[in-house]
Amino acid sequence: MAALLDALEHSACNPEIARVLVGSLVHILQLSPGRTIASFKKLNAVSRVLHVACVQAQESRRPGSMEPSNENSGMEALVSVQDQNTCNSPKIIQSCFNCMKMCMEFFAKFIAAAEDTRSLILHSFTCIDYLFDLFWVEGLRDDVLRHIVDLMKVFFMCFLLEFCCYN
């Protein structure tokens, strides 16, 4: 898995390759969540995958491009952009968006796989920063907001439990 994560980081600017690699991580997580979670924790996989999603968000925001909010909307506006070079063509922007969605799928499956994964995310300032960066991607906003709210609920429950224990 370390090699897969390294390959993912090295291809962070290539949305098609990155999406396939993240998809492989999702598949591995689905096949064997118990053993995989421990490896992912050790390898800091969530932070690394969210970083790739942030790189894709930056790629999709290059000058002259617009972010698609889902598979179809926004594509008409993208086609009308005057200066369509290969860096910000609608196809590349959609590939970036699809990669970001796959990264968020990995994040969701990781959080759902074990009880302590939310706590792990809460203790990672890097992951929290990446989530807030991804909040600004219009097509991901609802999912990211849902994850942030869920993490805040866990944080406040832990805070209340500690507060009650000390009083």
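Reader: In which helix is V52 found?

Author: V52 belongs to helix α4, which covers residues 45-60; helices (H or I, at least four residues) and strands (E, at least two) are DSSP runs, numbered from the N terminus. The model is predicted, so local features need pLDDT of at least 70 and side-chain atom pairs count only at pLDDT 80 or more, whereas totals for chains, interfaces and linings use all residues. Residues are numbered from 1 along each chain as its sequence is written, and side-chain values use heavy atoms, with hydrogens and water left out.

Reader: Is V52 buried or exposed?

Author: A residue is buried under 20% relative accessible area, exposed over 50% and partly exposed in between (1.4 Å probe, protein chains only). V52 has a relative accessibility of 0%, and therefore counts as buried. The helix around V52 follows suit: 14 of the 16 residues of α4 are buried, so α4 is largely enclosed by the rest of the structure.

Reader: Which residues are in contact with V52, leaving aside its neighbours within four places in sequence?

Author: Contact means heavy atoms within 4.5 Å. With those neighbours set aside, V52 touches L8, E9, A12, A18, C99 and C103. Of these partners, C99 is 47 residues from V52 in sequence, yet the two C-alpha atoms are 8.6 Å apart in space. For the chain, 72% of the contacts between residues at least 6 apart in sequence join residues at least 24 apart.

Reader: What span should α4 have, and how far apart are its end C-alpha atoms?

Author: The expected span is 1.5 Å times one less than the number of residues. For the 16 residues of α4 this gives 22 Å, and the end C-alpha atoms are 23 Å apart, which agrees.

Reader: How many salt bridges are there, and which side chain meets that of D6?

Author: Side chains of opposite charge can pair when their charged atoms come close. The rule asks for a side-chain nitrogen of Lys or Arg within 4 Å of a carboxyl oxygen of Asp or Glu, and the count comes to 5 salt bridges. In one of them, R48 meets D6 at 2.6 Å, N to O. R48 lies in helix α4 and D6 in helix α1 (residues 2-10), so this pair ties together parts 42 residues apart in sequence. R48 also meets E9, at 2.9 Å, N to O. That second pair links E9 in helix α1 with R48 in helix α4, 39 residues apart. R48 is buried at 14% relative accessibility, while D6 is partly exposed at 36% and E9 is partly exposed at 35%.

Reader: Where do D143 and R146 lie, and how are they separated?

Author: D143 and R146 are 3 residues apart in helix α9, which means about one helical turn separates them. They form a salt bridge whose closest N and O atoms are 3.1 Å apart. D143 is partly exposed at 35% relative accessibility, as is R146 at 43%. Elsewhere, salt bridges that share partners join D6, E9 and R48 into one network.

Reader: Which residues make the nonpolar surface patch of about 310 Å²?

Author: A patch takes residues with over 30% relative accessible area and no salt bridge, joining like charges within 9 Å and nonpolar side chains (Val, Leu, Ile, Met, Phe, Trp, Tyr) within 5 Å. Here M152, F155 and F156 make the patch. F156 is in helix α9 (residues 141-166), and at 44% relative accessibility F156 counts as partly exposed.

Reader: How many helices and strands does the chain have?

Author: The chain has 9 helices and 0 strands. Buried residues make up 40% of its 167 residues. Its accessible surface (Shrake-Rupley method, 1.4 Å probe; for residues, only the protein chains shown count as cover) is about 9400 Å², with 61% belonging to carbon and sulfur atoms.
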